Amino acid sequence: MKKRLKEIEEEAGALREMQAKVEKEMGAVQDSPGASATQAEKEEVDSRSIYVGNVDYACTPEEVQQHFQSCGTVNRVTILTDKFGQPKGFAYVEFVEVDAVQNALLLNESELHGRQLKVSAKRTNIPGMKQYRGRRPNPFFRSRRPFIPGPAYYPAYGYG
């Protein structure tokens with residue numbers, strides 16, 4: 001029994017060493033500059049991007065890119081979809097230059113596929129702003145059950 005316990009302890013020690021080695025390698029990979037976008041990089045990309053609302057569901061990214069090509073060089077067009085793959089009706093357009101955003105804002109209320117587009121500068125999300133705060137009771141909500149008084153309650157002491 002003691003022999004088996006010693007084997008298990010040796011295995012556990014070897015596993016700990018391997019896990020530490022892997023964590024060290026993973027930490028080195030994540031610390032590399034291209035591994036994940038920092039907040040400053042996200043803000044820089046958002047400063048070169050616009051939000052386009054009221055996009056037709058049949059519209060393709062190529063058509064949106066062609067519509068905004070006159071503003072500047074388009075880097076990427078993203079049309080968001082729901083979990084079934086259907087378009088949500090809005091898009092994000094990322095430009096190469098920051099000046100192109102001001103030109104694109106001039107295309108607000110322009111038409112694409114017979115729909116009037118709503119163009120605005122893309123805002124940067126602030127982490128933690130959408131926190132669940134719970135439901136507040138509505139003072140104007142009434143219960144569906146009417147109040148029915150029960151039998152009268154008399155305290156045990158006080159009558160005689």
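Reading along the sequence, you get the pattern α-α-β-α-β-β-α-β-β-β. That makes 4 helices and 6 strands in the chain. Bear in mind that this is a predicted model, so a word on confidence comes first. The chain averages a pLDDT of 83, and 75% of the residues score at least 70. Broken down by element, strand 1 has the highest mean pLDDT, at 96, while helix 1 (residues 2-30) has the lowest, at 82. As for burial, 19% of the 160 residues count as buried.

Strand 1 is a good place to start looking at side chains. Tyr51 in this strand (residues 49-53) pairs up with Phe90 in strand 3 (residues 87-95), which links parts of the chain 39 residues apart. What is the geometry of the pair that Tyr51 and Phe90 form? The pair is tilted, with 5.6 Å from centre to centre and 40° between the planes. That label follows because anything from 30 to 60 degrees falls between stacked and edge-to-face.

Phe90 has another partner in Tyr92, and here the rings go edge-to-face: the centres are 6.0 Å apart and the planes make an angle of 85°. Put the rings together and Tyr51, Phe90 and Tyr92 form one aromatic cluster. Across the chain, the count of aromatic pairs comes to 3. Are the tyrosines Tyr51 and Tyr92 buried, exposed or partly exposed? Tyr51 has 27% relative accessibility, so it counts as partly exposed. Tyr92 is partly exposed too, because its relative accessibility is 25%, and buried would mean under 20%.

Tyr92 also has a charge for company. The charged end of Lys122 sits over the Tyr92 ring, 5.1 Å from its centre. There's a similar arrangement at Tyr57, where the charged end of Arg115 sits over the ring at 5.7 Å from the centre.

Now for the pockets. Rolling a probe the size of a water molecule over the atoms shows where empty space is left. The largest pocket holds about 240 Å³ of space. Its lining takes in 11 residues, with Asp46, Lys122, Arg123, Thr124 and Asn125 lying nearest the centre. Which element gives the most to the lining of the largest pocket? Helix 2 (residues 39-47) does, with 3 residues. By class, the lining of the largest pocket splits into 4 nonpolar, 3 polar and 4 charged residues.

The second largest pocket has about 180 Å³ of space. Lining it are Val45, Asp46, Ser49, Arg76, Thr78, Tyr92, Val93, Glu94 and Lys122. Helix 2, strand 2 (74-81) and strand 3 are the elements that each give two or more residues to this lining, and strand 3 gives the most, with 3. The classes here come to 3 nonpolar, 2 polar and 4 charged residues. You'll recognise Tyr92 and Lys122 in this lining; they are the ring and the charge that sits over it. Asp46 and Lys122 turn up in the lining of the second largest pocket, and both are also among the residues nearest the centre of the largest one.

One last stop is Leu105, found in helix 4 (residues 99-105). With 26% relative accessibility, Leu105 counts as partly exposed. How far apart are Leu105 and Val52 in sequence and in space? They are 53 residues apart along the sequence, and their C-alpha atoms are 9.7 Å apart in space.

Methods: Residues numbered from 1 in each chain as written. Predicted model: local features only at pLDDT ≥ 70, side-chain atom pairs only at ≥ 80, totals over all residues. Heavy atoms only, no water. Phe/Tyr/Trp six-rings, centres within 6.5 Å; stacked < 30°, edge-to-face > 60°. Buried < 20%, exposed > 50% of the residue type's maximum accessible area, 1.4 Å probe, protein only. Lys NZ or Arg CZ within 6 Å of the ring centre and 35° of its normal. pLDDT = per-residue confidence, 0-100. 1 Å grid on protein atoms, 1.4 Å probe; cavity = no way out; pocket = protein on both sides within 12 Å on 5 of 7 lines; lining within 4 Å. Points joined across faces, edges and corners; volume = space filled by probe spheres on them. Nonpolar A, V, L, I, M, F, W, Y, C, P; charged D, E, K, R; others polar.
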